[in-house]
Amino acid sequence: MIDIIIPAYNAYKTIEQTLLSICSQTISPLVKVYIIDDCSEKTYDYLQAVFNKRLDITIIRNETNMGPGACHNIGLDHAKGDYIFFLDSDDLLYNCYSLQNAYNTIEENPDIDLVTGTTAFEEANGEISFINNHNRCLHGKLYRRSYIEKYHLRFNNTYNHEDSAFHTLFLISQPNIKIIKNKLYFYRYNTESITKRDKLYDYHALSVFIENTLSLVFEAEKRKFNKIMIGKNLFANICYVYYLHLNYLDQPDLNHLYHKLLPVIMLYNSYDKFVPKKDKYTIYYGFSHNYLDIPPFSFNEFLKRINESYKKEKKVIEWKN
């Protein structure tokens, strides 16, 4: 049995199409759907009548709006199937064989904890790009539930980056992963989503990303996960903030961002000795392909500004090379 967890908030325009993509699956009888209604303006009870002959749907309604992280946790707490698939209420399974291909793979390989394939991303202009094994992305992956429960992996109760924090913690635990070439997930461009309505969403969400990074390390340390894996992901998160913030150098509150990032870099310094230098280079330059014209703002200048944000408190960091 595959449990599909769908957080939903006022998703009336898209969720039926999402459910139709599940109906079309060749193994839809093996699927149970959990819709976590995050206090939407209207209920989704009508969906059970619409799909009662095609899908096994359970709707759980939150009394208050709790955010996607909490919704995913509620879904995990109710799930009983062997496998978990996370699906957003405005996205689709790529084709009718998506679940079948992932399911066959994980069933035939009992030592595999995760199956991942190709995700299609719809751009604003309608063009479609494809990424195989989008490593930091929660979606387009079939998780073995017993592995999630083995380490009691759960989401942060935040509204941003909770999905990447969960999946990164999953990766740090060093699961066995099988990558297949099949297309599993279709990420639709939704103009009404908060990520698209807010033109500065990526920048505004960086503060929460930094908080989630600190939480991620705490959860990994609590479970005694591999220090090399923790260090590599810490460094990757710092590089992500650096490269992404290059798009927003004109923002007036950059100092606030630098101030928040300092504890992350100080924490990373305690892990630096565990991370091979070649891995650091690979991670650092791995992000650069997103920036064809990098502004004249070096990584050292980035660290310098973080230091300056803390000068009054006399907390200065040194970057370890």
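Phe-225 is a buried residue in this predicted model, its relative accessible area coming out at just 8%. So what about its aromatic company? The structure holds 28 aromatic pairs, and one of them joins Phe-225 to Tyr-151. The two rings meet edge-to-face, with 5.1 Å from centre to centre and 80 degrees between the planes. Tyr-151 comes from the loop between helix H5 (145–150) and helix H6 (162–172), while Phe-225 comes from the loop between helix H9 (206–222) and helix H10 (227–245), so the contact ties together parts that are 74 residues apart in sequence. Unlike buried Phe-225, Tyr-151 is partly exposed, at 23% relative accessible area.

A second pair brings in Phe-209 and Tyr-240. Here the ring centres sit 4.7 Å apart and the planes make 50 degrees, so this one counts as tilted. It too links distant parts of the chain, with Phe-209 in helix H9 and Tyr-240 in helix H10, 31 residues apart. Phe-209 is buried, with a relative accessibility of 5%.

Back to Tyr-151 and Phe-225: both belong to a cluster held together by ring pairs. The other members are Phe-86, Tyr-143, Tyr-147, Phe-155, Phe-166 and Phe-170.

Rings also turn up beneath lysines. Lys-32 lies over the face of Tyr-34, 5.2 Å from the ring centre. Likewise, Lys-280 places its charged end over the ring of Phe-235, at 5.8 Å from the centre of that ring.

Methods. Residues numbered from 1 in each chain as written. Predicted model: local features only at pLDDT ≥ 70, side-chain atom pairs only at ≥ 80, totals over all residues. Heavy atoms only, no water. Phe/Tyr/Trp six-rings, centres within 6.5 Å; stacked < 30°, edge-to-face > 60°. Helix = DSSP H or I, 4+ residues; strand = E, 2+ residues; numbered from the N terminus. Buried < 20%, exposed > 50% of the residue type's maximum accessible area, 1.4 Å probe, protein only. Lys NZ or Arg CZ within 6 Å of the ring centre and 35° of its normal.
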